[in-house]
Amino acid sequence: MKLHKIKGYIQFIYLIEQAHGLMLLDGCSRADVDRVCTFINELGRDVSELKWIVVTHMHPDHAGGAHALRKRSGAKILAHPKAPLWYRGAMGWLAHVIDIVLTWWVAGRLGKPKKYIWYPRVLKPDHLAEDGGMIPGFEEFVTAYTPGHTDHDLSVIHVPSGQVYVADLFVRVKGKLAPPYPVCHPNQYKQSLSRIANSAPSKIYSAHVPPLTPEKVDFDALLAQAPTLPKNLWHSTRNRVRHTFGLSKPEEH
């Protein structure tokens, strides 16, 4: 098994290479589709050898390229059962637009130009991941439910080596590891942190932080920083409105 790291639009992309096929550990962004296909060709492999695209959650840098890559390669998409519901309804449409704008904002902060990253807000997976379930054809890998950032986050574990890809379980802010934004389900987020910590991984891969050995990840500090109430745009806006009109004290995060 070979693990390749590709520098994406605003995140790291991880590609598993085995003799019988390839697996992408996240759906990347729409802006990354050509880059991923070119990288596969540079390995001397054909894009049709991509067998699985894991979508760890529905944000633009993790799901944005999934449908386009499936169309090009014939690969199957694997996701949490709740992933197709994340952007449902009118509020979901608005959240989808906001998340795309936020992705452009992050790209700007990284000195990247604005690129086309629009993608379908309703995911159509071929296979629904189970907690602890093996990935067909890549049975050394299992998926783990690690919600908190959203209600449908996945991590991918390579069982023989103990290596784990945790997507957005943590990020780096001002040189230090920190919880991501948003944290929609604080209690679940803390449980997910503890789950990964207690699994004693040999190495941890994240979408926005270079690979780390477990001693470099202070899980206790991350747990201490984790919010006790949801920390996202909706709750922040609601609290500001309530505070402005004297309806209640603003919630502390």
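The legends below accompany an overall view and several close-up views of a predicted model.

**Figure 1. Overall view of the predicted protein, with its 7 helices and 13 strands.** The radius of gyration is 18 Å, close to the 18 Å that the globule rule gives for 253 residues, so the protein is as compact as a globular protein of that length. Taken along the principal axes, the box filled by the C-alpha atoms is roughly 65 × 40 × 35 Å. Of the 253 residues, 49% are buried, and among contacts with a separation of 6 or more, 67% are accounted for by residues 24 or more positions apart. The protein exposes about 12,300 Å², of which carbon and sulfur atoms supply 56%. Its charged side chains comprise 31 positive and 22 negative ones, and the centres of these two sets lie 7 Å apart.

**Figure 2. Close-up of histidine 57, in the loop between β4 (50–55) and α2 (60–63).** Histidine 57 has a relative accessible area of 0% and is therefore buried, the cut-off being under 20%. Its side chain makes a polar contact of 3.1 Å with the side chain of threonine 56, and another, of 3.4 Å, with the side chain of histidine 59. When neighbours within four places in sequence are left aside, the residues in contact with histidine 57 are His62, Ala63, His149, Thr150, His152, Asp153, Ala167 and Asp168.

**Figure 3. Close-up of leucine 78, a residue of strand β5 (residues 76–79).** Leucine 78 counts as buried because its relative accessibility is 1%, which falls under the 20% limit. Not counting residues up to four places away in sequence, leucine 78 touches Trp52, Ile53, Val54 and Val55, and also His127, Ala129, Ile135, Thr143 and Leu154. A further distance that may be traced in this view runs from leucine 78 to leucine 25, whose C-alpha atoms are separated by 9.8 Å although the two residues are 53 residues apart along the chain.

**Figure 4. Close-up of histidine 4, placed in strand β1 (residues 2–7).** With a relative accessibility of 16%, histidine 4 counts as buried, since the limit for that class is under 20%. The side chain of histidine 4 makes a polar contact with the side chain of glutamate 17, at 2.7 Å. Glutamate 17 also appears among the residues that histidine 4 touches once those up to four places away in sequence are not counted, together with Ile13, Tyr14, Leu15, Phe39 and Leu43.

**Figure 5. Close-up of lysine 114, in the loop between α4 (89–109) and β6 (127–128).** Lysine 114 has a relative accessibility of 65% and so counts as exposed, the threshold being over 50%. Leaving aside neighbours within four places in sequence, lysine 114 is in contact with Tyr9 and Trp104. Measuring from C-alpha to C-alpha in the model, one finds lysine 114 and alanine 31 to be 9.6 Å apart in space, while 83 residues apart in sequence.

**Figure 6. Close-ups of backbone geometry at cysteine 28, lysine 174 and proline 182.** As background to these views, most residues other than glycine have a negative phi, and most peptide bonds are trans. Cysteine 28, in the loop between β3 (21–24) and α1 (33–42), has a positive phi, near 50 degrees, in a residue other than glycine. Lysine 174, which lies in the loop between β11 (171–173) and β12, likewise has a positive phi, of about 50 degrees, although it is not a glycine. As to accessibility, cysteine 28 has a relative accessible area of 1% and is buried, whereas lysine 174, at 84% relative accessibility, counts as exposed. The peptide bond from tyrosine 181 to proline 182 is cis, with omega near 5 degrees, and proline 182 is found in the loop between β12 (176–178) and α5 (186–198).

Conventions:
Residues are numbered from 1 along each chain as its sequence is written. This is a predicted model: local features need pLDDT of at least 70, side-chain atom pairs count only at pLDDT 80 or more; totals for chains, interfaces and linings use all residues. Side-chain values use heavy atoms; hydrogens and water are left out. Helices (H or I, at least four residues) and strands (E, at least two) are DSSP runs, numbered from the N terminus. Buried means under 20% relative accessible area, exposed over 50%, partly exposed in between (1.4 Å probe, protein chains only). A polar contact is a pair of N or O atoms within 3.5 Å; within protein, one must be able to donate a hydrogen and the other to accept it, and residues adjacent in sequence count only if both atoms are side-chain atoms. Contact means heavy atoms within 4.5 Å. The radius of gyration is taken over C-alpha atoms; the globule rule is 2.2 Å times the number of residues to the power 0.38. Accessible areas come from the Shrake-Rupley method with a 1.4 Å probe; for residues, only the protein chains shown count as cover. Lys and Arg count as positive and Asp and Glu as negative; His and the chain ends are not counted. The place of a charge is taken as NZ of Lys, CZ of Arg, CG of Asp or CD of Glu.
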